Amino acid sequence: MSQNTHIAAPPTPQADIALPSTSTPTVVHPLSGSLEEYTFSNVPQGDMTNYDQTEHYEEPALLRAGLATKPRLVLMTSIGSFWGFSIGAYLGGRQSGLQYLAENAHKLPTTVQGWYFYHKTKNYRMMLGGVKRGVRFAGKTGGLCLLYGSLEAALDDMRGEADVMNSVAAGVTTGTVFSALTRLTRGSFRYSVVFGAIFGLAAGGLSDLHRFASGNPPSYGLYLASLVKGKKEIDSRVE
């Protein structure tokens with residue numbers, strides 16, 4: 001190679017690098033716009049419903065044992081149905097057991113295995129008979145409790161107050177309706193009406209005692225209290 005040969009270096013690549021601007025960037029605050037564009041809620045606007053808070057409100061004078069009408073009817077019907085099912089299951093099971101003994105008295109088993117299946121079948125018959133009669137009794141007692149509660153609530157709403165008089169009237173009406181539907185005799189009819197009146201008196205009396213204890217006595221309680229207070233004032237003036 002000749003000594004005068006000159007080797008040139010490759011050209012250095014030039015890159016245009018934009019330097020950051022020294023001017024202050026403009027920051028747009030998310031709340032700088034109109035406030036109407038933002039909704040501070042996790043619930044979509046289309047699913048929001050306006051509820052009337054006074055829709056399910058009942059006056060304290062219409063409450064019984066601190067319960068509104070619907071919860072009270074559900075509770076009364078449930079208790080009545082359970083009570084009727086218990087009585088019906090007991091009576092139905094006992095009757096089915098006696099019936100099975102009478103039907104098989106002439107063909108008693110003679111082996112241990114035979115006695116095992118004898119008692120096993122008897123227990124099944126008793127359970128089935130108890131459930132059947134228990135369901136029938138539960139429907140009857142639950143329906144009577146629902147009828148009594150509905151009549152009581154209707155009278156409370158008509159008179160604007162829940163007291164023992166409405167309970168007694170509802171009990172008498174329920175006893176009359178039950179006697180008419182089951183076609184009871186005259187003596188049984190009178191017993192049914194008296195039982196309804198006693199039940200209404202007990203239930204209404206307990207409800208009024210609860211109102212007295214909670215500081216919201218019925219109107220006749222206020223009337224009696226005013227009479228007693230007026231009599232005491234008259235006696236004090238005479239003395």
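The following paragraphs describe the secondary structure, burial and helix geometry of a predicted model.

The chain contains five helices and zero strands, and its elements follow the order α-α-α-α-α from the N terminus. Of the 239 residues in the chain, 21% are buried. The exposed area of the chain amounts to about 18,500 Å², of which 64% is supplied by carbon and sulfur atoms. When contacts between residues at least 6 apart in sequence are considered, 67% join residues at least 24 apart.

Helix α1 comprises 35 residues, from 69 to 103. The distance from its first C-alpha to its last is 50 Å, close to the 51 Å expected at 1.5 Å a residue. Several glycines belong to the buried set of α1, namely G80, G84, G88, G92, G93 and G97. The buried residues of this helix also include R72, L73, M76, T77, S96 and Y100. Helix α2 is among the elements that cover the buried residues of α1.

Helix α2 spans residues 112-159 and thus has 48 residues. Because a helix is expected to advance 1.5 Å a residue, α2 should span 70 Å; the C-alpha atoms at its ends lie 69 Å apart, which agrees with that expectation. The residue that follows α2 is G160, for which phi is positive, near 80°.

Key
Residues are numbered from 1 along each chain as its sequence is written. This is a predicted model: local features need pLDDT of at least 70, side-chain atom pairs count only at pLDDT 80 or more; totals for chains, interfaces and linings use all residues. Side-chain values use heavy atoms; hydrogens and water are left out. Helices (H or I, at least four residues) and strands (E, at least two) are DSSP runs, numbered from the N terminus. Buried means under 20% relative accessible area, exposed over 50%, partly exposed in between (1.4 Å probe, protein chains only). Contact means heavy atoms within 4.5 Å. Accessible areas come from the Shrake-Rupley method with a 1.4 Å probe; for residues, only the protein chains shown count as cover. The expected span of a helix is 1.5 Å times one less than its number of residues.
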